[in-house]
Amino acid sequence: MIRSAVLSLLAGVGVFACAPTQAVPAEHAWKTYTNVRYNYSTCYPEDALTPQPEAPDSDGRAFTAKDGAKLLVFGSNNVMATSVKAAADQTATRLAAGGTTSYRVIKPGWFVVSGSTPTSEFYAKSFHVGDQSKSFELTYPAAEAAKWRPIAARLNACFHTLG
């Protein structure tokens with residue numbers, strides 16, 4: 001019940017382009033991935049997403065689902081000194097190719113963008129700390145939005161820069 005209330009509140013303040021149609025099922029088993037190179041962590045539903053091996057340069061990891069959903073978590077060095085707004089614009093343009101960005105928040109040190117293409121939806125968040133960025137991008141089939149939107153809300157809440 002509390003989870004449904006939190007999701008409704010998040011939807012009401014614009015965390016989603018539209019409100020989730022179902023709460024995160026209680027049966028999700030959540031695990032944590034921590035990246036020591038870029039000093040961030042996130043949770044993920046281990047019953048819905050399968051972790052792939054960490055990237056060879058240890059900057060992050062991909063998680064895949066049977067229905068085609070994909071979670072990418074990664075860090076990078078901001079060698080070009082890209083502003084938070086420019087990074088948000090670039091991420092939105094890339095993820096919404098052929099579609100639209102329906103939600104965008106840009107604050108000092110972080111951004112969130114979400115939207116859809118004709119066949120998929122996306123939700124991305126990025127922290128910009130010093131000369132580094134720490135990001136996650138969740139993409140999923142539009143037909144599975146009722147399942148993935150609540151998961152996106154949980155990812156948004158548990159994605160943290162450490163230290």
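Which hand does the disulfide of Cys 43 and Cys 158 have, judged by the torsion about the S-S bond? Keep that in mind while opening this predicted model, and select the two cysteines as the opening stop.

The sulfur atoms of Cys 43 and Cys 158 are joined in a disulfide, with an S to S distance of 1.9 Å, and the torsion about that bond is about -85 degrees, so the disulfide is left-handed. Because Cys 43 belongs to strand 2 and Cys 158 to helix 3, the pair ties together parts that are 115 residues apart in sequence. Cys 43 is buried, its relative accessible area being 6%, and Cys 158 also counts as buried, at 15%.

Move next to Tyr 44, which is placed in strand 2, residues 40-45, and which is buried at 8% relative accessibility. Beyond the neighbours within four places in sequence, Tyr 44 has contacts that include Trp 30, Tyr 33, Phe 63, Leu 71 and Leu 155. Selecting Ala 152 as well shows a residue 108 places away from Tyr 44 in sequence, with 9.6 Å between their C-alpha atoms.

Now display the open sheet, whose seven strands follow the order 3-4-5-9-8-7-6 with antiparallel pairing. Strand 3 (50-51) and strand 6 (100-107) stand at its edges with a single partner strand each, so one side of each lacks a neighbour in the sheet. Within the sheet, strand 5 (residues 70-77) and strand 9 (residues 132-141) run antiparallel and are joined by eight bridges; select Ser 76 to find Ser 133 of strand 9 opposite. Finally, highlight helix 3 (residues 145-158), which packs on the sheet and touches strands 5, 7, 8 and 9, its direction making about 165 degrees with that of strand 9.

Conventions. Residues are numbered from 1 along each chain as its sequence is written. This is a predicted model: local features need pLDDT of at least 70, side-chain atom pairs count only at pLDDT 80 or more; totals for chains, interfaces and linings use all residues. Side-chain values use heavy atoms; hydrogens and water are left out. Two strands pair if DSSP finds at least two bridges between them. Helices (H or I, at least four residues) and strands (E, at least two) are DSSP runs, numbered from the N terminus. Contact means heavy atoms within 4.5 Å. Axes are lines fitted to C-alpha atoms, for helices over the stretch in contact, and angles run from 0 to 180 degrees between N-to-C directions. Buried means under 20% relative accessible area, exposed over 50%, partly exposed in between (1.4 Å probe, protein chains only). A disulfide is a pair of cysteine sulfur atoms within 2.5 Å.
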